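Biologist: I would like to learn how to read a model of this kind, beginning with single residues and ending with the whole chain. Could we take it feature by feature?

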Amino acid sequence: MLRRNRNFALLFAAQIVSLLGSGATTIGLALFAYRLAGRDEATALVGNALMLRILAFLVFSQPAGVLADRGSRKRILIASDVLRAALLAFMPFVTAVWHVYVVVFLLNALTAFFTPTFEASIPAVVAEEDLVRALGLSRIASDVEALASPVVAAAIVAFVGVDGVFWFDAATYLGSALLVGLVALPKANARDQRMSFRGFVRDLGVGMRIVLREPSLRQAILLSFAEATAGAGAIVVTVALVRNVLGRGETAVSLVMAAVGVGSSMMALALGRVTGRYERRVAPNEVHAARHRWGRRALLAGGLCMSAALLPIALGPPLIAVAALWSILGAGQALVAIPGSTLLAEHTSQAERGRAYAAHFALTHACWLVTYPAMGHAAVRWGAPTALTAAGATCLVVTVLAAIVRPADPRHSHA
């Protein structure tokens, strides 16, 4: 039973603690940028910092995956947390804009080591029948972070000031490191492998080959582009839609954005329960094939949900309808993310999951690197409603293309 799994409980608690601090820091960074650079330059600073975030992910995730498969994943997780805590503790003393860029890049380089290693560790500590529920709970943790972090950040700023946000996040990373230290996490290999430069370079491409060799994983990556398109639309354009088109205030913006997290969390819970019941009805040797079946259906359903949520925006729906549509959008994102992670675990061995999850992390964030600026430019050029409807059309086209991807015979594709 997942509820009695001490190792997963500790990892899950570490994720919640660190995400809560990370979300608060995102808000704190915007306020810090305003204080450091002034009103006119603050927006550019935050935008550049987000681009550096994605760039750090793309540069460092693949080397991180190699190290995660050759050594101790537990040490990588703890070291990443401790070093991130040190960087954030230094942040209040920053006095120049370029200092911010350096700290942000290094911070997210460490996150590129932590996140894929963490994701690769979940299948190692849970039973196969609990994997989907575990991934669903991990998804919910991210959604709760999006909902709770603004409240936490506002309280810290009100009572301590902006600097307190960074110290709070540093403390959460130390707490995460402590929790990870209590986990009995098996190594990817029985012993650390000797590292050579040639072997390291060769291993950099292994993760990509693992992800792209399997049709079901290629389908999941394709739909990740739809997820990034819908997500970028919600993150980048919602403010303009609610404030400029619907004429509502900041509270309305927050409520609409919260609807995305609510929809995602509800779908993650439902998917874990439904798939658990479905898999219990099949023979043990048919579970892999069953996951292929429900995974493909969930992925395509997710693409259709995101399309259905975005396409009607050009018709000018009222605020309550937009909130309902955004909850459907969040549900669609969960329907793409959870099956993708499940199928990735199904098609990898314990010894190669670090590289595989790192490649998946890099590919999915490369999608966001494209969709973030694309949605921003589309909203400026066409207006928020048309840009969001165009995003819905893009999601629909991608879903149709993903449906054409022929799945491999699951009886012959299990790693």
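Biologist: Before anything else, is Arg84 buried or exposed?

Modeller: A word on the source: this is a predicted model, in which local features need pLDDT of at least 70 and side-chain atom pairs count only at pLDDT 80 or more, while totals for chains, interfaces and linings use all residues. Residues are numbered from 1 along each chain as its sequence is written, and side-chain values use heavy atoms, with hydrogens and water left out. Buried means under 20% relative accessible area, exposed over 50%, and partly exposed in between, with a 1.4 Å probe and protein chains only. Arg84 has a relative accessible area of 3%, and therefore counts as buried.

Biologist: Where does Arg84 lie, and which residues does Arg84 touch?

Modeller: Helices (H or I, at least four residues) and strands (E, at least two) are DSSP runs numbered from the N terminus, and Arg84 belongs to helix α3, residues 73-90. Contact means heavy atoms within 4.5 Å; leaving aside residues up to four places away in sequence, Arg84 touches Leu107, Leu110, Thr111, Phe114 and Tyr173.

Biologist: With which side chain does the side chain of Arg84 make a polar contact?

Modeller: A polar contact is a pair of N or O atoms within 3.5 Å; within protein, one must be able to donate a hydrogen and the other to accept it, and residues adjacent in sequence count only if both atoms are side-chain atoms. Here the partner is the side chain of Asp81, at 2.7 Å.

Biologist: How should I read a pair of helices, for instance α8 and α9?

Modeller: Two packed helices are described by the angle between their axes and the distance between those axes. Axes are lines fitted to C-alpha atoms, for helices over the stretch in contact, and angles run from 0 to 180 degrees between N-to-C directions. The axes of α8 (residues 206-213) and α9 (residues 215-245) come within 5 Å and cross at roughly 95°. Angles under 35 degrees count as roughly parallel, over 145 as roughly antiparallel, 65 to 115 as roughly perpendicular and the rest as oblique, so α8 is roughly perpendicular to α9. Ile210, Val211, Leu212 and Arg213 of α8 make the contact with Pro215, Leu217, Arg218 and Ile221 of α9.

Biologist: And for the whole chain, how many helices and strands are there?

Modeller: The chain has 14 helices and zero strands, and of its 415 residues 53% count as buried. Along its principal axes, the C-alpha trace spans about 55 × 50 × 40 Å.
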